[in-house]
Amino acid sequence: EKSAYVRKLVFREGSDPRLRDGVLSLVPAHEAVVDSKIRNDRGEVIVDYPEIADAQASDFEFKADWFQKKCEPLAVEWKEGHMRINVRREHLLEDSVDAVMSLNRKDLRKMWRFEFIGEAGIDAGGLAREWFHLVSKEIFDPDMGFWKSSEGNQMLMEINPASKMIHADYLVYYRFLGRIMGKAMFDGQLVAGHMVPYIYKHMLGWPISFKDLKTYDEEYYDNLTQIKQLAEAGDDVENILCLDFTTSVDMLGEKHDIELVPGGTDIPVTSDNYVEYFEACLMYRMMDRVKPQLNELLLGFFDVVPEPLLTVFDYQELELIMCGLPKIVMQDWMENTEYSGDYEHVGADFPACIWFWEVVEAFDQEMKARLLQFVTGTSGVPSRGFAVLQGNDGNVRKFTIHGVTLATCMYPRAHTCFNRIDLPAYASKADLEEKLKLAVTMVATGFDIE
């Protein structure tokens with residue numbers, strides 16, 4: 001359970017001078033290396049490690065402003081050239097892919113101006129916002145086959161492993177989306193899709209561990225935990241479970257057996273090697289099954305944004321800066337909250353619940369968004385409000401405050417599959433506020449508050 005891996009992306013020159021190639025892998029966290037200097041086209045250092053370290057210690061608003069200011073000297077000046085993106089609204093994605101994928105990396109940092117063919121309008125910023133929103137919304141649409149709703153949270157999108165069976169040129173679309181996300185962030189625009197947390201971590205080069213697997217698919221994680229329990233109890237894992245180093249996946253209604261390691265069909269899972277089996281499962285679920293798509297997504301993103309600039313953010317902040325702070329209506333949130341456990345009968349009138357809402361109402365937009373990320377796994381709010389908040393099974397699971405005793409846990413705990421926060425019955429509002437803020441902010445670090 002202590003194993004942690006970090007994605008490693010080695011850039012290489014591609015056969016097309018406009019497109020770099022790359023080799024993506026997961027390596028032990030202690031092998032991770034990220035460049036801490038950013039240079040301009042003339043080779044001059046414009047950002048170094050001390051400046052990055054100072055920004056890392058700042059609040060989100062400062063980081064967002066700092067990021068945009070550091071992108072400015074990397075942008076190509078208007079007089080050196082700019083790009084006009086002409087698209088037909090009825091062929092938006094097709095035309096956009098053709099336009100963006102014809103550009104080299106320098107073109108991606110030029111000023112873009114947009115025109116919807118056949119429509120009057122001068123792009124003074126509004127058309128750009130509309131284009132980024134519409135094109136990202138279309139490519140994230142599950143009906144397109146590139147992305148699908150996450151198994152653990154219906155509001156989050158994950159890469160569809162079956163995309164390679166749906167589209168012959170599927171990798172082009174992931175490189176395109178990576179470029180769009182990078183360009184949006186570079187220009188201060190927003191995209192429409194909220195992705196599963198482990199993808200944001202891969203973008204940042206943050207460690208991936210079994211906690212991420214639990215967040216992503218708790219049922220799968222629990223099944224692995226049962227194997228560990230059998231092994232620790234001294235039971236014969238090999239003969240009881242009859243597992244090998246393979247996994248079965250469903251692609252477009254067909255079952256496929258995938259080897260987790262070379263020759264995995266002939267390697268039984270035993271009490272001696274179950275840890276290696278766990279690590280193979282982690283690597284497959286968190287990268288290997290979508291490695292070609294993820295590789296292109298990251299290459300496209302880093303075509304625009306220098307990797308060291310990202311290191312000032314945590315993975316929750318990256319979601320916020322890419323998708324924007326949500327518009328939260330407190331009345332809607334409060335009216336569509338359920339109460340369980342020790343608060344089931346008294347509900348919102350229980351002192352701890354009264355204090356909870358007073359504290360949350362006083363939060364700024366960033367902290368409210370982080371609380372949503374803590375409890376539901378994403379900062380996104382359904383377009384129809386909290387009344388239709390979904391759980392991991394696709395059914396409506398409203399935001400729930402579950403009452404527990406301080407003997408059960410000292411700090412609030414989250415169950416993102418159920419949109420539930422376990423809230424101890426604190427003796428004072430000040431104590432609740434302190435513990436809630438600490439729990440919400442510490443989750444982004446990857447450390448367990450307990």
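**Notes on a predicted model**

1. Let me start with a residue that caught my eye: Glu 317 is buried, with a relative accessible area of 3%. For the terms, buried means under 20% relative accessible area, exposed over 50% and partly exposed in between, with a 1.4 Å probe and protein chains only. Some housekeeping: this is a predicted model, where local features need pLDDT of at least 70 and side-chain atom pairs count only at pLDDT 80 or more, while totals for chains, interfaces and linings use all residues. Residues are numbered from 1 along each chain as its sequence is written, and side-chain values use heavy atoms, with hydrogens and water left out.

2. Who pairs with Glu 317 in a salt bridge? That would be Arg 370, with the closest N and O atoms 2.8 Å apart; a salt bridge here is a side-chain nitrogen of Lys or Arg within 4 Å of a carboxyl oxygen of Asp or Glu. Arg 370 lies in helix 18 (residues 365–376) and Glu 317 in helix 15, so the pair ties together parts that are 53 residues apart in sequence. Arg 370 counts as buried too, at 5% relative accessibility. Helices (H or I, at least four residues) and strands (E, at least two) are DSSP runs, numbered from the N terminus.

3. Staying with helix 15 (residues 315–323): nine of its nine residues are buried, so the helix is largely enclosed by the rest of the structure. The buried set includes Tyr 315, Gln 316 and Glu 319, as well as Leu 318, Leu 320 and Ile 321. At the start of the helix, a side-chain oxygen of Asp 314 comes to within 3.0 Å of the backbone nitrogen of Gln 316. That fits the polar contact rule: a pair of N or O atoms within 3.5 Å, where within protein one must be able to donate a hydrogen and the other to accept it, and residues adjacent in sequence count only if both atoms are side-chain atoms. Just past the other end, Gly 324 has a positive phi of about 90°.

4. On salt bridges in general, the count comes to 30 by this rule. One of them joins Asp 303 to Arg 175, with 3.6 Å between the closest N and O atoms. Asp 303 sits in the loop between helix 13 (291–302) and helix 14 (307–310), and Arg 175 in helix 7 (residues 170–187), so the pair links parts that are 128 residues apart in sequence. Both Asp 303 and Arg 175 are buried.

5. For a contrast in setting, take Asp 288 and Lys 291, whose salt bridge has its closest N and O atoms 3.7 Å apart. Asp 288 counts as partly exposed at 34% relative accessibility, and Lys 291 is partly exposed at 28%.

6. Now the sheets. Strands 2-1-9, in that order, make an open three-stranded sheet with antiparallel pairing; two strands pair if DSSP finds at least two bridges between them. Strand 2 (21–28) and strand 9 (208–209) are at the edges with a single partner strand each, so one side of each has no neighbour in the sheet. Strand 1 (residues 4–12) is joined to strand 9 by two bridges, and Tyr 5 has Ile 208 as its bridge partner there. Phe 11 also lies in strand 1 and is partly exposed at 31% relative accessibility. Its C-alpha is 9.9 Å from that of Phe 302, although 291 residues separate the two in sequence.

7. A second open sheet has four strands in the order 12-13-15-14, with mixed pairing. Its edge strands are strand 12 (337–341) and strand 14 (413–415), each pairing on one side only. Strand 14 runs antiparallel to strand 15 (residues 420–424), with three bridges between them; Arg 413 has Asp 422 as its bridge partner.

8. Which face of strand 5 (residues 82–87) is covered? The covered face holds Met 83, Ile 85 and Val 87, and the uncovered one His 82, Arg 84 and Asn 86. In a regular strand the side chains alternate between the two faces of the sheet. Strand 5 runs parallel to strand 6 (residues 111–116), joined by six bridges, and Met 83 stands opposite Trp 112.
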